[in-house]
Amino acid sequence: MAARAGAVAVRTALALAVVMAVLAGCAGASPPAWLAGQGGASPTPAPVPVTPSPTPPPSPRPTPVPVAIFGDSQATALYATRPTSVNTSLQLTDRSISACGIMRGTAVSRDGERFDLIGACPNWLSKWRDDAKRTKADIDLVVIGAWDVFDVKTTTATLVFGTPEWDAAFLEQLRSGVAALRESGAQVALAELPCYRPRETNPRPPGYWPERGDDTRTSHVNDLLRQVVDHVHVFTVQPPSSFCGDPGVGDNKTNRYDGVHYLQPGASIWFDAVIPQLVLLPA
């Protein structure tokens, strides 16, 4: 009798366990482990993460890329002292205007130096437009900044560098220049300013113009250049960081005789950094 009672108890326990498993399954719980492989539900496999396809890098343009260089005397110096190796990558045309800043008024330095920007290039905007249409380059490369770090005295007021009024005047001129170049269909590359290292011993011209050596000023102009970028037709290209971080480069007379304008060794450093960026700009 004891054996029969024990068997009944076992059967009762097993039946109760099955009922509990069924009820648990109806409630959404996983069945007991001991039922796995005996008709219990298979666990839902974990989702496999989908790895997105990487965006392919841009393809370089066929070289040499037709490029017209616009801007002030820095652009003039870069074109004049460019190494012959540049010709492999760029078909470069000089459209610069020496001693020409885009601000309208007189640049005023704290050391007393002054320069009439309107008198130096009264028609820079129309010249940019006409030269761009005449050249029909794939890329118009703009190199400015040497005259764009100063207070500017106009006929009605003095625009203090870095103020909202100065920024608005600079951006208005810059956007007008970019729009004039874009009329030719070219992509526009705005070269960010390097760190300048002007010397008090410079002859006049080019003069000292100490504000050029204030890296916060060149950095501020670079911030304004980036505000005009649309990443479709207008871009910036970065100069070599060594002009800021390495005195042996930035303050070396063999690279820039006055700390601003390039000689061939400095032009080589500049083009080595900028060309790889230019050839990757979208068409």
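The following exercises, each with a worked solution, concern a predicted model of one protein chain.

**Exercise 1.** Describe the overall make-up of the protein chain in terms of secondary structure, burial and exposed surface.

*Solution.* Begin with the secondary structure, which comes to 10 helices and nine strands. Turn next to burial: taking buried to mean under 20% relative accessible area, one finds that buried residues make up 42% of the 283 residues. The chain exposes about 14,600 Å², of which carbon and sulfur atoms supply 59%. Finally, among contacts with a separation of 6 or more, 75% are accounted for by residues 24 or more positions apart.

**Exercise 2.** Determine the strand order of the open sheet and explain why one side of S2 and of S9 is left without a neighbour.

*Solution.* Reading across the open sheet, the five strands follow the order S2-S1-S5-S8-S9, with parallel pairing. Strand S2 (90-94) and strand S9 (234-237) stand at the edges and have a single partner strand each, and therefore one side of each lacks a neighbour in the sheet. From one strand to the next the twist averages 30°. Within the sheet, S5 (residues 139-143) pairs with S8 (residues 187-191) in the parallel sense over four bridges, and Ile139 stands opposite Gln187 in S8. The sheet can then be related to helix H6 (residues 164-182), which lies across strand S1 (65-71), S5, S8 and S9 and runs at about 145° to S8.

**Exercise 3.** Establish whether the buried residues of helix H5 lie on the same side or on opposite sides of the helix, and find what they pack against.

*Solution.* First check the geometry: H5 (residues 124-135) has 12 residues and reaches 16 Å from its first C-alpha to its last, close to the 16 Å expected at 1.5 Å a residue. Its buried residues are Trp124, Trp128, Asp131 and Ala132. Because these residues cover an arc of only 100° around the axis, they lie on the same side of H5. The elements against which they pack are S1, S5 and H6. After the helix comes Lys136, whose phi is positive, near 55°.

**Exercise 4.** Carry out the corresponding analysis for helix H7 (residues 215-227).

*Solution.* The 13 residues of H7 should span 18 Å at 1.5 Å a residue, and the end C-alpha atoms are 19 Å apart, which agrees. Arg217, Thr218, Val221, Asn222, Leu224 and Leu225 are buried in this helix. Since they cover an arc of only 160° around the axis, they are placed on the same side of H7. The packing partners of these buried residues are strand S6 (151-153), H6, S8 and S9.

Notes
Residues are numbered from 1 along each chain as its sequence is written. This is a predicted model: local features need pLDDT of at least 70, side-chain atom pairs count only at pLDDT 80 or more; totals for chains, interfaces and linings use all residues. Side-chain values use heavy atoms; hydrogens and water are left out. Two strands pair if DSSP finds at least two bridges between them. Helices (H or I, at least four residues) and strands (E, at least two) are DSSP runs, numbered from the N terminus. Axes are lines fitted to C-alpha atoms, for helices over the stretch in contact, and angles run from 0 to 180 degrees between N-to-C directions. Contact means heavy atoms within 4.5 Å. The expected span of a helix is 1.5 Å times one less than its number of residues. Buried means under 20% relative accessible area, exposed over 50%, partly exposed in between (1.4 Å probe, protein chains only). The arc is that of the directions from the helix axis to the C-beta atoms. Accessible areas come from the Shrake-Rupley method with a 1.4 Å probe; for residues, only the protein chains shown count as cover.
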